[in-house]
Amino acid sequence: MKVASLNFGRDGRLIVVSTDNLFASDASDIRPTLQSAFDDWRNAEPLLRERADRLNAGDGNRFSFDEKACASPLPRAYQWADGSAYVNHVDLVRKARGAEMPDSFWTNPLMYQGGSDGFLSPRGDIQAANEAWGIDFEGEVAVIVGDVEAGAGRDEAMSAIKLVMLVNDVSLRNLIPDEIAKGFGFFQSKPASSFSPIAVTVDELGDHWDGGRLHLPLLSFVNGAPFGAPNAGLEMTFDFPDLIVHAAKTRALAAGTIIGSGTVSNRDSQGGPGKSIANGGAGYSCISEIRMVETILEGSAKTPYLKDGDIVRIEMVNSGHLSIFGAIEQRVVVRSSH
């Protein structure tokens, strides 16, 4: 089953989307918003699946699906917790600044709590007041969970995964060092994120979903040029049940909580830090990573961060080349605060 939210008010209007992404049916009579569906998922999900099945069979009221009319599936959420499951990415960050990575990073996930009071739409502009802030995208996979009890185990965490989607976790790289140095985490350096137009149930992913990881390349483009295609299932040190267990160690997670994977990152075939697409590699899911590789291999970063007018696209396609989640496609708009 595929669901989406049309731009409508603060929380969108719930629709179901056909498997081929061509058509949609209004589902706001079942539950007005996706969050309200999560609040009563046990009863709402069968009704939504029935509506989706009718849509896919060509029955009932339907209309042409337009990604541009969508908000993020949850336009705002009670909680957005982003992990850093690809330890290769973390290792590169530290190597680029000459720091050793603690052994604990291989056994204990990193996670931060992001702002969730308002997400950008999948086609919403990435706005910043200054290019010098180091505007970057981060391509990720995320899941939305049902209610999770505090102290939940792996089985409960796995069964709590209800929907999967993609993320652009926008980062302002040049603001991060000063914030991290304070020892209190991200805030100004992490503006609003955006999510793919469509969120899907795990059965929609077939054999590409193994219960905790999504084994498909995450495609990213900058100004139309391929930038990255690392496989989201490879080198994901902590899978989604691991991340959910970590997040729920000391507190319950409310239905509708979003858990992110962190930047998808692959090493190269020789175990190195990863190669750009231009050099025959899988590329990267953020600009920071190619800059780290340049610093390690060449002594300094060469690739610039995003500039005013740049366009980022993030997408994932199945073996039949169909876009699974629709595309996140955003333009950078720099508006001076002066």
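**Rings, helices and a lysine in a predicted model**

Arginine 291 is placed over the face of tyrosine 305, at 4.2 Å from the ring centre. This description rests on a predicted model. A second arrangement of this kind involves arginine 62, whose charged end sits over the ring of phenylalanine 23, 3.8 Å from the centre of that ring.

Helix H7 comprises residues 287-298. At 1.5 Å a residue, its 12 residues should span 16 Å, and the end C-alpha atoms are indeed 16 Å apart, so expectation and model agree. The buried residues in H7 include Ile287, Ile290, Met292 and Val293. Ser288, Glu289 and Glu294 of H7 are buried as well. Just after the helix, glycine 299 adopts a positive phi of about 95°.

Helix H6, residues 240-247, offers a further view of how a helix is buried. Its buried residues are Phe240, Pro241, Leu243, Ile244 and Ala247. Viewed down the axis of H6, these residues fall within an arc of 160°, so they line one face of the helix. A general property of helices is relevant here: an α-helix has 3.6 residues a turn, so residues three or four places apart point the same way. The buried residues of H6 pack against several strands, namely S6 (80-83), S7 (111-114), S10 (139-145), S11 (161-168) and S17 (257-260), and against helix H4 (154-160). At the N-terminal end, H6 is capped by aspartate 239, which has a side-chain oxygen 3.0 Å from the backbone nitrogen of aspartate 242.

Strand S11, against which H6 packs, contains lysine 162. With a relative accessibility of 24%, lysine 162 counts as partly exposed, because the cut-off for buried is under 20%. A polar atom of the lysine 162 side chain lies 3.0 Å from the backbone oxygen of serine 159. Beyond its neighbours within four places in sequence, lysine 162 is in contact with Phe38, Trp41, Ile144, Val145, Gly146, Val200, Thr201 and Val202. One of these, valine 202, is 40 residues away along the chain, yet the C-alpha atoms of lysine 162 and valine 202 are separated by 7.1 Å.

Aromatic residues form another part of the picture, with a count of 6 aromatic pairs. Phenylalanine 38 and tryptophan 41 have ring centres 4.6 Å apart and planes at 15°, so this pair is stacked. Phenylalanine 38 counts as buried at 2% relative accessibility, and tryptophan 41 counts as buried at 8%. Phenylalanine 119 and phenylalanine 195 also form an aromatic pair, here edge-to-face, with 4.7 Å from centre to centre and 75° between the planes. Phenylalanine 119 lies in the loop between S7 and strand S8 (126-128), whereas phenylalanine 195 lies in strand S13 (residues 194-195); the pair therefore ties together parts that are 76 residues apart in sequence. Both phenylalanine 119 and phenylalanine 195 are buried. Together with Trp80, Phe119 and Phe195 make up one aromatic cluster.

The last residue to consider is threonine 33, in the loop between strand S3 (23-26) and helix H1 (34-39). Its relative accessibility of 15% is below the 20% cut-off, so threonine 33 counts as buried. Apart from residues up to four places away in sequence, threonine 33 touches Asp11, Gly12 and Leu14.

Note on methods. Residues are numbered from 1 along each chain as its sequence is written. This is a predicted model: local features need pLDDT of at least 70, side-chain atom pairs count only at pLDDT 80 or more; totals for chains, interfaces and linings use all residues. Side-chain values use heavy atoms; hydrogens and water are left out. Buried means under 20% relative accessible area, exposed over 50%, partly exposed in between (1.4 Å probe, protein chains only). Helices (H or I, at least four residues) and strands (E, at least two) are DSSP runs, numbered from the N terminus. The arc is that of the directions from the helix axis to the C-beta atoms. Contact means heavy atoms within 4.5 Å. A polar contact is a pair of N or O atoms within 3.5 Å; within protein, one must be able to donate a hydrogen and the other to accept it, and residues adjacent in sequence count only if both atoms are side-chain atoms. Rings of Phe, Tyr and Trp (its six-membered ring) pair if their centres lie within 6.5 Å; planes under 30 degrees apart count as stacked, over 60 as edge-to-face and the rest as tilted. A charge sits over a ring if NZ of Lys or CZ of Arg is within 6 Å of the ring centre and within 35 degrees of the ring normal. The expected span of a helix is 1.5 Å times one less than its number of residues.
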